[in-house]
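Trainee: Could we go through this model together before I set up any calculations?
Mentor: Certainly; please bring it up.
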Amino acid sequence: MGATPAWPPHSLPRLFVDQALSEGLSVTVDGNYLAAVLRLGPGDRVKLFDDRSGEWLAEIVEAGRKRVTLLVGEHLRERERVPDLWLLFAPIKRGRIDWLVEKATELGVARLVPVVTRRTIVERVNLERLRAHAIEAAEQCGRTALPQLAEPRKLDAALRDWPGERLLYFADEGGGEPFRPGLGPAAILIGPEGGFTEEERAAIRALPQARPVSLGPRILRADTAALAGVSLWMAAAGDW
């Protein structure tokens with residue numbers, strides 16, 4: 001006798017819904033993705049998550065190109081506990097910043113903070129677009145908790161208000177210790193493509209919680225450096 005298939009299947013579509021979910025609740029969503037793209041209809045099932053209560057099984061009861069109505073059923077799992085890691089990054093060009101946010105979400109970062117430095121070349125950050133990328137990444141990778149996406153901050157303001165209990169690892173192109181993350185709340189700071197200025201490096205190093213680190217012998221692009229640092233921290237934290 002063959003093994004009993006897992007239920008619900010891992011292959012069911014996942015969808016983020018920005019409202020509190022509960023058993024028996026009727027939810028209406030845009031029909032373009034479920035009905036028009038996936039061609040799902042009444043009786044088909046999907047997984048929903050709300051960034052509040054975890055993940056739920058839901059059944060489509062009405063389907064149209066403009067809207068789909070679902071009935072929320074079984075509670076599948078609670079909202080996950082996300083490792084306490086922030087990623088601070090200087091905004092980079094569109095496309096690469098979208099990729100950075102998407103992959104940081106997949107890797108489990110809890111909070112994303114755009115930080116404006118002296119050599120930052122991107123003046124405006126489209127938070128709505130970045131949030132959409134984070135949601136799509138969470139839907140696909142199985143996250144039940146979305147990363148917080150903060151408003152852009154200037155570097156000096158971020159350093160001035162830095163929480164005392166949180167270590168700040170920063171990729172120092174001027175030299176640092178090999179990255180050996182410790183336990184507890186932490187953040188990783190990645191500068192712009194042109195690097196930090198000497199004044200900025202001095203200000204960061206003056207922060208008691210700052211830890212200058214090296215990410216290897218090669219010069220990495222800002223988005224590559226960010227994800228390399230996150231991966232190392234997550235591996236040390238046991239999330240990999």
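Mentor: We shall take the overall fold, then the surface and charges, then two backbone angles.

Trainee: What should I know about the model and its numbering?
Mentor: It is a predicted model, in which local features need pLDDT of at least 70, side-chain atom pairs count only at pLDDT 80 or more, and totals for chains, interfaces and linings use all residues. Residues are numbered from 1 along each chain as its sequence is written, and side-chain values use heavy atoms, without hydrogens and water.

Trainee: How many helices and strands are there in the protein chain?
Mentor: The protein chain has 6 helices and 13 strands, taken as DSSP runs (helices H or I, at least four residues; strands E, at least two) and numbered from the N terminus.

Trainee: What percentage of the residues is buried?
Mentor: Of the 240 residues in the protein chain, 47% are buried (under 20% relative accessible area; exposed is over 50%, partly exposed in between, with a 1.4 Å probe and protein chains only).

Trainee: Changing topic, how many charged side chains, positive and negative, does the protein chain have?
Mentor: There are 32 positive and 33 negative side chains, with the centres of the two sets 3 Å apart. Lys and Arg count as positive, Asp and Glu as negative; His and the chain ends are not counted. Each charge is placed at NZ of Lys, CZ of Arg, CG of Asp or CD of Glu.

Trainee: And the backbone: what is phi of R39?
Mentor: Phi of R39 is near 55°, a positive value in a non-glycine residue. R39 sits in the loop between helix 1 (31–37) and strand 3 (45–49), and is exposed at 65% relative accessibility.

Trainee: Where is D51 found?
Mentor: D51 lies in the loop between strand 3 and strand 4 (55–63). Its phi is also positive, about 65°, and D51 is partly exposed at 24% relative accessible area.
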